[in-house]
Protein chains: 4
Amino acid sequence: MTAINSIDGLQKRVSRCPFNHWLGLEVVALSERGVQLRMPWRNEIVGSPTTGAVHGGILGCLVDACAGFAIIAATGESLATIDMRVDYHRPAAPGPLTAHGEIVKLGRTTGTADCRIFDERQELVASGRAVYLRREPPQDQ
Amino acid sequence: MTAINSIDGLQKRVSRCPFNHWLGLEVVALSERGVQLRMPWRNEIVGSPTTGAVHGGILGCLVDACAGFAIIAATGESLATIDMRVDYHRPAAPGPLTAHGEIVKLGRTTGTADCRIFDERQELVASGRAVYLRREPPQDQ
Amino acid sequence: MTAINSIDGLQKRVSRCPFNHWLGLEVVALSERGVQLRMPWRNEIVGSPTTGAVHGGILGCLVDACAGFAIIAATGESLATIDMRVDYHRPAAPGPLTAHGEIVKLGRTTGTADCRIFDERQELVASGRAVYLRREPPQDQ
Amino acid sequence: MTAINSIDGLQKRVSRCPFNHWLGLEVVALSERGVQLRMPWRNEIVGSPTTGAVHGGILGCLVDACAGFAIIAATGESLATIDMRVDYHRPAAPGPLTAHGEIVKLGRTTGTADCRIFDERQELVASGRAVYLRREPPQDQ
């Protein structure tokens, strides 16, 4: 178990994933407690044509990614998501979002992490949790 | 409460949403019990660079969309997602996916629907559920 | 992996658990697809003093038990619950409840099962899902 | 919306519920951020006959109760649980448990609250979340 200690190192790991790359996920903070990712705006992620609010599924992508990278940063491991939950608190208006991922429990077989997503005004727009199966680190690292 | 009875009518509603449009979601079946959506393959939706499997968050987008359209088809209403859950059963290999959405309970204030996602070999790759707040139909329809 | 094929055999396993025993859970059906448990009424399980409806947590106990026994019946194994979700569809009026548990996916490490809970009038009062970590069968069996 | 400001006032509300009363739930702290409930030990709540660990469903009862009372304390309202999730982190050995409930988001129609459950050694044994439909305060108060 080898932690990833640098923002650059974790960014490399984040961007290796094609969909995270498409979303433009950027690692903005990294500590023992968790990680912070920034997702820029892009027009394709709109869910509601009337309000322009972000698609709920995109917020789920952020939860899965950010909660997972909180564990990956702490362990260096590869993970498989067992399940994920997202609660929607208010519509996410157009603009960049920031996601805070934090480990809840790192067990022997599974790990659980939380994610909270804030808009530009620091309002909580969604929050969620995912549980992961811990696996060996990827071979190609 | 006016049901949407034609595949074309529901397809129009699905494609009005920019992210559903980007995903290329296609309505392939529609009945009183639920809806069936097809999501074509595109390279950007990969989650794992080593296996090429679909990003878990994208499967969550399908759950949110397909479960929601099962209720929208039955009611014609607009919905706000309260929360969503996704369970991942096996990696979704590259290729089109089919999602089956089905209403579990349509209450006065909220509605609950399930979604099961199958790959080309008809293997269940993920399944989930979302709960929605029922709202008035969109004005611009 | 040795399935439990008789109602008596599964009932013995259900009743070994002190809280299931207190709830009076009774195995009423058992097939390859799943199990059916009956929970009799008792005054202590009321959640709402004004309506007399069953406590939501008790319905969660039924989900955890019934979804789990669907997997235990198929495998004979012991399980540890990873997580559980319950959706509440309508108040469960005083009277016996019946829970239907069904396996969604039995993986190598984890298993997922659904549970639907019906009241005496066959109305769906709650439904949910749990994910379990598969473990070796208990030594003392 | 009238907050419940005293431990005695909230305890009265907790104990009005027959199953909470059976569990012996005791309000031990109350602040603007949330509530803290203590659940004493009793032999009937055992889930595992081999380890003596608490039944997972009982931990769900604590999540539903404690998350709900965090909102009830802040609003004085009556709630209906829409759904609940529980993650199990380690077996809860025999002994009293303490649950910490905290509001995540209080919306106009729904409210979301978290709950974390600790054993006597202050180990996190389970955590979860519930979403509630806000209703008028009960008439009989």
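This passage describes a sheet shared by chains A and B, the helices lying across it, and the contact of chain B with chain D. The model is predicted, with local features requiring pLDDT of at least 70 and side-chain atom pairs pLDDT 80 or more, while totals for chains, interfaces and linings use all residues. Residues are numbered from 1 along each chain as its sequence is written, chains are lettered from A in the order in which they are written, and side-chain values use heavy atoms, without hydrogens and water.

Twelve strands (DSSP runs of E, at least two residues, numbered from the N terminus) form an open sheet in the order 1(A)-2(A)-4(A)-5(A)-6(A)-3(A)-3(B)-6(B)-5(B)-4(B)-2(B)-1(B), with antiparallel pairing; pairing requires at least two DSSP bridges between two strands. Strand 1 (26–30) of chain A and strand 1 (26–30) of chain B are at the edges, each with a single partner strand, so one side of each has no neighbour in the sheet. Strand 5 (residues 110–118) and strand 6 (residues 124–135) of chain A pair over nine bridges in the antiparallel sense, and Arg116(A) stands opposite Ser127(A) in strand 6 of chain A.

The contact (heavy atoms within 4.5 Å) between chain B and chain D takes seven residues from each of the two chains. About 510 Å² is buried between them, 69% of it from carbon and sulfur atoms; buried area is the accessible area (1.4 Å probe) lost on putting two parts together, summed over both. In chain B, Ile82(B), Asp83(B) and Arg85(B) lose the most area to chain D, together 56% of what that side buries. Zero salt bridges (side-chain nitrogen of Lys or Arg within 4 Å of a carboxyl oxygen of Asp or Glu) are counted between chain B and chain D.

Terms used
Helix = DSSP H or I, 4+ residues; strand = E, 2+ residues; numbered from the N terminus.
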